[in-house]
Amino acid sequence: MKTFKKIYIEITSVCNLACHFCPQTERQAEFMKLDTFQQILVQIKPHTKYIYLHVKGEPLLHPKLDQFLDASHEQGFKVNITTNGTLIQKTKHKLLGKPALRQMNFSLHSFDGNEGSTDREQYLANIFTFVREAAAQGVIISLRLWNLDQDNATNQQKQRNRETLAILEQEFGLDYKIEETVVPGSGVKVAEGIFLNQDHRFEWPSLFAPADDGKGFCHGLRNQAGILVDGSVVPCCLDGEGIINLGNIHETSFSQIIESERANRLYDGFSRREAMEELCKRCGYRKRFGQ
């Protein structure tokens with residue numbers, strides 16, 4: 001039986017931002033029902049202990065987020081949430097004190113990635129207020145700036161990040177410049193339980209992108225899988241359109257889907273360092289794991 005380090009459950013496909021680095025989904029706007037979520041938890045319980053409440057969409061938009069966290073706790077899951085952080089003041093009462101909540105990831109690059117963002121200091125202040133309280137409760141906090149390009153010497157985005165980093169350095173009393181310390185792809189501890197991570201921007205895979213020779217490795221269906229809001233099972237968190245649709249949990253059990261012929265073909269292919277799916281041949285993320 002396959003087990004995973006994490007399974008992504010997309011509780012909504014709706015987002016309140018339109019960041020230039022994140023292609024808008026062409027799928028139907030939808031919010032997962034609580035009973036559907038509970039059924040999914042039962043199905044995936046033999047396969048993982050850790051779940052992430054997103055693929056596309058902003059999870060803090062879900063009106064029953066607190067009930068989703070309670071249901072996760074009842075089934076023994078630890079929950080990780082990735083958010084753009086814009087709704088944290090409105091929703092923190094649904095998050096704080098929830099024993100299932102293990103980690104909160106804040107995509108700080110969404111501020112500059114979204115047209116119309118104006119008050120950086122207030123945006124960050126709202127996040128900092130929450131993260132200090134959450135970290136005191138044992139929640140792991142990851143503050144992310146995943147927007148660097150490959151040419152860091154002249155990277156305009158890196159210059160824009162300086163304002164965010166300056167506010168962060170002041171907030172946590174750091175006596176060093178983060179960009180002089182943190183190598184892209186790594187992180188630094190800025191306070192107890194609070195970490196800052198910088199990395200290069202990645203491109204979401206698309207069938208419209210050129211394919212390569214397909215050589216490389218991926219952890220899809222090896223340490224992770226995803227379930228979209230409509231119940232479609234995908235091999236990884238980057239298949240935001242459900243192109244590699246392995247089956248639907250409303251029609252077939254999760255355990256059967258991940259052992260299907262198509263799923264095993266993908267898994268076995270990467271065991272040979274070979275991408276079998278057309279989308280995987282157009283995904284640059286697998287190149288991070290070498291040939």
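Visitor: Where is the place of Asn223?

Guide: Quick orientation: this is a predicted model, where local features need pLDDT of at least 70 and side-chain atom pairs count only at pLDDT 80 or more, while totals for chains, interfaces and linings use all residues. Residues are numbered from 1 along each chain as its sequence is written, and side-chain values use heavy atoms, with hydrogens and water left out. Helices (H or I, at least four residues) and strands (E, at least two) are DSSP runs, numbered from the N terminus. As for Asn223, look in the loop between β7 (194-200) and β8 (224-227).

Visitor: Does Asn223 count as buried or exposed?

Guide: The scale runs like this: buried is under 20% relative accessible area, exposed is over 50%, and partly exposed is in between (1.4 Å probe, protein chains only). Asn223 has 14% relative accessibility, so the verdict is buried.

Visitor: And which residues is Asn223 in contact with, leaving aside its neighbours within four places in sequence?

Guide: Contact here means heavy atoms within 4.5 Å. With those sequence neighbours set aside, the partners of Asn223 are Phe4, Lys5 and Lys6.

Visitor: Which strands stand at the edges of the sheet?

Guide: Strands pair if DSSP finds at least two bridges between them. The sheet is open, with 10 strands in mixed pairing, ordered β6-β7-β5-β4-β3-β2-β1-β8-β9-β10. Two of these strands have a single partner each, so one side of each lacks a neighbour in the sheet: they are β6 (186-191) and β10 (247-248).

Visitor: Zooming in on β9, what is the bridge partner of Ile227 there?

Guide: β8 pairs with β9 (residues 232-234) in the antiparallel sense, over two bridges. Opposite Ile227, the partner in β9 is Val233.

Visitor: At about what angle does α5 run to β5?

Guide: Axes are lines fitted to C-alpha atoms, for helices over the stretch in contact, and angles between N-to-C directions run from 0 to 180 degrees. Helix α5 (residues 120-136) lies across β4 (101-107), β5 (140-148) and β7. Its angle to β5 is about 145 degrees.

Visitor: Within what arc do the buried residues of α3 fall?

Guide: In α3 (residues 88-95), the buried set is Ile88, Thr91, Lys94 and Leu95. The arc is taken over the directions from the helix axis to the C-beta atoms. Down the axis of α3, those residues line one face of the helix, because their arc is 105 degrees.

Visitor: Which exposed residues does the face of α3 turned away from its buried side carry?

Guide: The buried side has cover that includes α2 (65-74), β3 (78-83), β4 and α5. The face turned the other way carries Lys90 and His93.

Visitor: How many disulfides does a search of the whole structure find?

Guide: A disulfide is a covalent bond between the sulfur atoms of two cysteines. The cut-off used for a pair of cysteine sulfur atoms is within 2.5 Å. Across the whole structure, the number found is zero.

Visitor: How far is the sulfur of Cys283 from the closest cysteine sulfur?

Guide: Cys283 counts as buried, at 12% relative accessibility. The closest cysteine sulfur is in Cys236, and the gap is too far for a bond, at 6.3 Å.

Visitor: Which residue forms a salt bridge with Arg120?

Guide: A salt bridge is a side-chain nitrogen of Lys or Arg within 4 Å of a carboxyl oxygen of Asp or Glu, and the structure holds 12 of them. Arg120 itself is buried, at 9% relative accessible area. With the closest N and O atoms 3.5 Å apart, its partner is Glu163. The pair links distant parts of the chain, 43 residues apart, from Arg120 in α5 to α6 (residues 156-171), home of Glu163.

Visitor: How far apart are the closest N and O atoms of Arg132 and Glu171?

Guide: Arg132 is partly exposed at 39% relative accessible area, and Glu171 is partly exposed at 33%. They form a salt bridge, with the closest N and O atoms apart by 3.1 Å.

Visitor: Which residues do salt bridges that share partners join with Glu278 into one network?

Guide: Glu278 and Lys281 meet through their side chains in a salt bridge (3.3 Å, N to O). Shared partners join Glu278 into one network with Lys281 and Arg282.

Visitor: Last one: within what arc do the buried residues of α8 fall?

Guide: In α8 (residues 261-271), Ala263, Leu266, Gly269 and Phe270 are buried, with cover that includes α7 (254-257). Seen down the axis of α8, they line one face, because they fall within an arc of 130 degrees.
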